[in-house]
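I opened my notebook and went through this model one item at a time. Here is what I looked up, in the order I got to it.

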Amino acid sequence: MSDVKTWIKDGFGVVARLALAGTFIWACIHKIAEPYDFGLQVATYQILPLSLVNLQAIVLPWVELIVGLLLIAGLLTRGAALVTCGMNVMFIVAIALALAADLHLQCGCFSSAEAGDEMDASLIVRDAIFLVVGAAVTLMRPDRFTLDRLIERRRQNA
Amino acid sequence: MIKTAVVSALQAAGFVVIAAGVAIGTNAIRSDGIPLVTDIEYEIFAPCKDSEAESEAADASDLADGADESVLYVDARPAEAFEAEHVDGSINIPYSVLFGATAEDIAAVKREIAARGAKKVVVFGTYAEPESTEQAVDLAEPLAQQLIEAEIAGVKHLEGGIEELKKSGVQTVKKSGGS
């Protein structure tokens with residue numbers, strides 16, 4: 001593959017990886033800081049049984065954080081990107097079910113900045129875009145700026 | 001390729017397990033942590049759009065023959081009136097002006113919709129006491145409204161009662177067996 005193509009591919013890889021990481025880390029901050037509020041938002045979707053609401057509210061933000069940090073570092077990139085795909089599928093299903101049930105609620109994805117903004121179908125489009133980006137990062141070879149590639153080079157030189 | 005996919009999937013599963021461990025551990029030591037399993041209901045404020053909707057009047061395009069299972073006719077008149085004459089294939093939910101329809105009645109409508117795969121529900125029924133000089137009371141609209149509030153979709157009310165349906169050519173069954 002020519003150098004230009006490789007640089008374009010790596011450039012896309014970096015942007016996609018950092019965009020995903022930034023989004024997930026930004027999304028997890030208020031959820032980790034305010035677990036009760038996030039639990040309430042999970043409950044509002046009326047999808048999970050009450051017994052699983054808190055577990056979801058506790059674990060999900062930490063998955064977002066760990067995956068976000070791994071994507072920034074470019075460590076185990078494909079596995080981390082695969083998790084973002086799974087989470088985006090879950091978000092899309094949850095939003096679609098809430099819209100189908102005509103529930104008037106905020107998505108609870110980010111901070112209270114979005115308070116008052118009622119959820120609509122555009123959120124499904126947004127998450128679908130993240131899903132495609134996550135799938136691309138999963139399927140592509142990690143870009144040259146990742147720790148994965150650094151470790152690979154070291155192994156080859158050893 | 002397959003090896004990469006398997007490794008990625010295992011990594012992903014590992015991240016979730018590690019994150020769950022960190023999350024549960026952190027939650028356990030923080031002062032504002034929440035219980036892993038709550039036994040107190042969250043107070044959810046998410047009103048349904050349907051509960052705010054009002055029943056619309058049915059028109060000719062909403063009507064079909066009683067044999068057409070895509071339309072469920074709900075007769076809101078008292079049982080005696082239903083027995084005397086009713087639309088073929090309809091169900092009777094006697095609507096009380098004072099108390100409305102019962103929860104069992106609403107559940108019966110839901111069951112019937114599910115059993116038939118009905119897409120529309122047309123509620124009809126006006127009623128006046130026999131030999132009464134007072135104007136007939138419309139039972140259809142309040143029952144339709146109650147069904148909408150019970151989150152049943154596709155509900156409309158028909159003005160004019162069973163007579164209006166007969167004018168539209170919908171078959172009825174009389175107690176004596178005639179139509």
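**Entry 1: a strand in chain B.** I started with strand 2 of chain B, where Val71(B), Tyr73(B) and Asp75(B) point one way and Leu72(B) and Val74(B) the other way, and all are buried. I should jot down right away that this is a predicted model. Is strand 2 of chain B mostly covered or mostly open? It's mostly covered: the strand spans residues 71-75, and 5 of its 5 residues are buried.

**Entry 2: what the strand pairs with.** Next I looked for the partners of strand 2 of chain B. Strand 5 (residues 120-124) of chain B pairs with it in the parallel sense, over 5 bridges. I picked out one of the residues, Asp75(B), and found Phe124(B) in strand 5 of chain B as its bridge partner. Strand 4 (residues 91-92) of chain B also runs parallel to strand 2, joined to it by 2 bridges. There, Val74(B) has Ile91(B) as its bridge partner.

**Entry 3: how far to trust chain B.** I checked the confidence values next. Chain B has a mean pLDDT of 83, and 87% of its residues reach 70 or more. Which element of chain B has the lowest mean pLDDT? That's helix 2 (residues 49-52) of chain B at 52, while strand 4 of chain B has the highest at 93. A reminder to myself: where pLDDT is low, the predicted coordinates should not be read in detail. For the model as a whole I copied down ipTM 0.85 and pTM 0.59.

**Entry 4: over to chain A.** I counted 6 helices and 0 strands in chain A, so to speak an α-α-α-α-α-α pattern when read along the sequence. Chain A has 158 residues, and buried ones make up 40% of them. I also looked at contacts in chain A between residues at least 6 apart in sequence, and 71% of those join residues at least 24 apart.

**Entry 5: the largest core.** The largest nonpolar core has 43 residues, and Leu20(A), Val63(A) and Val67(A) touch the most other members. Which elements give two or more residues to this core? From chain A they are helix 1 (3-33), helix 2 (35-44), helix 3 (50-73), helix 4 (77-100) and helix 5 (122-139), and chain B adds its helix 1 (2-29). Helix 3 of chain A gives the most, with 13 residues. I also noted a second, separate core of 31 residues, which includes Val123(B), Phe124(B), Ala140(B) and Ile148(B). Then I went back to Val67(A): leaving aside neighbours within four places in sequence, Val67(A) is in contact with Phe24(A), Ala80(A), Val83(A), Thr84(A) and Phe15(B).

**Entry 6: one valine on helix 1.** Val15(A) is found in helix 1 of chain A. Why does Val15(A) count as exposed? Because Val15(A) has 12 C-beta neighbours inside 10 Å, and 12 or fewer is the cut-off for exposed. I also checked Val15(A) against Val133(A): they're 118 residues apart along the chain, and their C-alpha atoms are separated by 9.8 Å.

**Entry 7: where the chains touch.** How many residues does each chain bring to the contact? Chain A brings 30 and chain B brings 28. On the chain A side, helix 2, helix 3 and helix 4 each supply at least two residues. Helix 3 of chain A has the largest share, 12 residues. By type, the chain A side divides into 20 nonpolar, 8 polar and 2 charged.

Definitions and conventions. Residues are numbered from 1 along each chain as its sequence is written. Chains are lettered from A and ligands numbered from 1 in the order in which they are written. This is a predicted model: local features need pLDDT of at least 70, side-chain atom pairs count only at pLDDT 80 or more; totals for chains, interfaces and linings use all residues. A nonpolar core is a set of buried Ala, Val, Leu, Ile, Met, Phe, Trp, Tyr and Cys residues joined through C-beta atoms within 7 Å. A residue is buried if 20 or more other C-beta atoms lie within 10 Å of its own, exposed if 12 or fewer, and partly exposed in between; C-beta atoms are placed from the backbone. Helices (H or I, at least four residues) and strands (E, at least two) are DSSP runs, numbered from the N terminus. Two residues are in contact if their C-beta atoms, placed from the backbone, lie within 7 Å. Ala, Val, Leu, Ile, Met, Phe, Trp, Tyr, Cys and Pro count as nonpolar, Asp, Glu, Lys and Arg as charged, and the others, Gly among them, as polar. Two strands pair if DSSP finds at least two bridges between them. pLDDT is the predictor's confidence in each residue, from 0 to 100.
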